[in-house]
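Please find below a colleague's note on the structure shown here. It is arranged as numbered points.

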Amino acid sequence: MISDAINNEQVEILLNDVLETHGYDFLAYSHASIKRRIIRLYGLDNFVSFAEFRYTVKTDKQYFKRFLEEITVNVTEMFRDPSFYKSLRNDVLPVLGTYPFIRIWVAGCSTGEEAYSLAIVLKELNLLNKSLIYATDINPSVLEKAKRGMFPLNYLKQYSENYLQSGGLKDFSTYYTANYSLAKFDESLNSKMIFSTHNLVSDHSFNEFQLILCRNVLIYFDKELQHKVFNLFDGSIEKLGYLALGSKESLEFWPKAKEYKRVKMEKIWRKL
């Protein structure tokens, strides 16, 4: 059985190799989750032994790109959790609209759906022209996709429904042009985005933001690593700025949580 092919000790060896050779630290990620993804990849690519798999991950740069793409989770959609975007639209962005300029960090942006959703809301509130969205991810190949702003056309029905439920004001199709099997989003949206690689585990703060979104990334980290990332965000959020997390994530057990106040029922906190 494939599940017997790689044990916990071998996962640890592989992750140490990845850190030493490529500089990516996955050691504090949820062990069960990352082991599952490693075993899946091992089976998909038909390696005959762990030694061969380990050697390939260490020495083949092209294969390592594939490893990175499979190990990092890239499940996302536009206007995911519509009530969250409704709260951004009604409770958060109008407050930030009183600022002369709005800097937003979408951490773990994956293929960019969240950044484009945010840009659409900003545009509808007439705030996009004075905003800048920094969209970062550990994985360079998903960032390339995000920059292109092209998504499969068959996803657009769901995205459109999410958009309307989130309080969208227009016909969603005004934001993209259909091109064969892909929808290309308006370049006025990504003209206000900066895409860059950033590793939440090992990289530092790079600006001061009024809003940070990091949704459905921290569920793959252990508690200690989550707290390390919260400290990174805390050092990157302006006083009275906002931090938004995913539906299964919380500041609850973080020592500095009392310095943040929850905004209504959504997973959004304001720094006091």
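The points that follow take up the overall form, the nonpolar cores, a pocket and two individual residues.

1. Overall form. The model is a predicted one. The protein has a radius of gyration of 20 Å, which agrees with the value near 19 Å expected for a compact globule of 272 residues. Its C-alpha trace spans about 55 × 50 × 30 Å along the principal axes.

2. Secondary structure and contacts. There are 10 helices and 10 strands in the protein. Among contacts with a separation of 6 or more, 76% join residues 24 or more positions apart. Buried residues account for 50% of the 272 residues.

3. Largest nonpolar core. The largest nonpolar core holds 48 residues, and the members that touch the most others are Phe26, Ile38, Phe53, Phe67 and Phe233. Phe53 may be examined in more detail: with neighbours within four places in sequence set aside, its contacts are Ile6, Leu14, Ile38, Leu41, Tyr42, Phe47, Tyr63 and Phe67. Two of these partners, Ile38 and Phe67, are also listed among the members that touch the most others.

4. Second core. Separate from the largest core is a second one, of 44 residues, with Met78, Val92, Tyr99 and Ala135 among its members. In soluble globular proteins, nonpolar side chains tend to be buried together.

5. Second largest pocket. Which residues lie nearest the centre of the second largest pocket? They are Thr111, Lys145, Met150, Phe151 and Pro152, from a lining of 12 residues. The volume of this pocket is about 240 Å³. Helix H7 (140–148) and strand E3 (150–152) each contribute at least two lining residues. By character, the lining comprises six nonpolar, two polar and four charged residues.

6. Asn162. This residue belongs to helix H8, which covers residues 156–165. Is Asn162 buried or exposed? Its relative accessible area is 5%, under the 20% limit, and Asn162 is therefore classed as buried. Beyond neighbours within four places in sequence, Asn162 contacts Glu77, Met78, Phe79, Arg80 and Pro82. Of these partners, Met78 is also a member of the second core.

7. Met265. The loop between strand E9 (260–262) and strand E10 (268–271) contains Met265. Met265 has a relative accessible area of 72%, which is over the 50% limit, so this residue counts as exposed. The C-alpha atom of Met265 is separated by 14 Å from that of Leu243, and the two residues are 22 residues apart along the chain.

How values were computed
Residues are numbered from 1 along each chain as its sequence is written. This is a predicted model: local features need pLDDT of at least 70, side-chain atom pairs count only at pLDDT 80 or more; totals for chains, interfaces and linings use all residues. Side-chain values use heavy atoms; hydrogens and water are left out. A nonpolar core is a set of buried Ala, Val, Leu, Ile, Met, Phe, Trp, Tyr and Cys residues joined through side-chain atoms within 4.5 Å. Buried means under 20% relative accessible area, exposed over 50%, partly exposed in between (1.4 Å probe, protein chains only). Contact means heavy atoms within 4.5 Å. On a 1 Å grid over the protein atoms alone, a cavity is a set of points where a 1.4 Å probe fits but cannot get out, and a pocket is an open set with protein on both sides within 12 Å along at least five of seven lines; lining residues have an atom within 4 Å of a point. Grid points are joined across faces, edges and corners, and a volume is the space filled by probe spheres set on the points. Helices (H or I, at least four residues) and strands (E, at least two) are DSSP runs, numbered from the N terminus. Ala, Val, Leu, Ile, Met, Phe, Trp, Tyr, Cys and Pro count as nonpolar, Asp, Glu, Lys and Arg as charged, and the others, Gly among them, as polar. The radius of gyration is taken over C-alpha atoms; the globule rule is 2.2 Å times the number of residues to the power 0.38.
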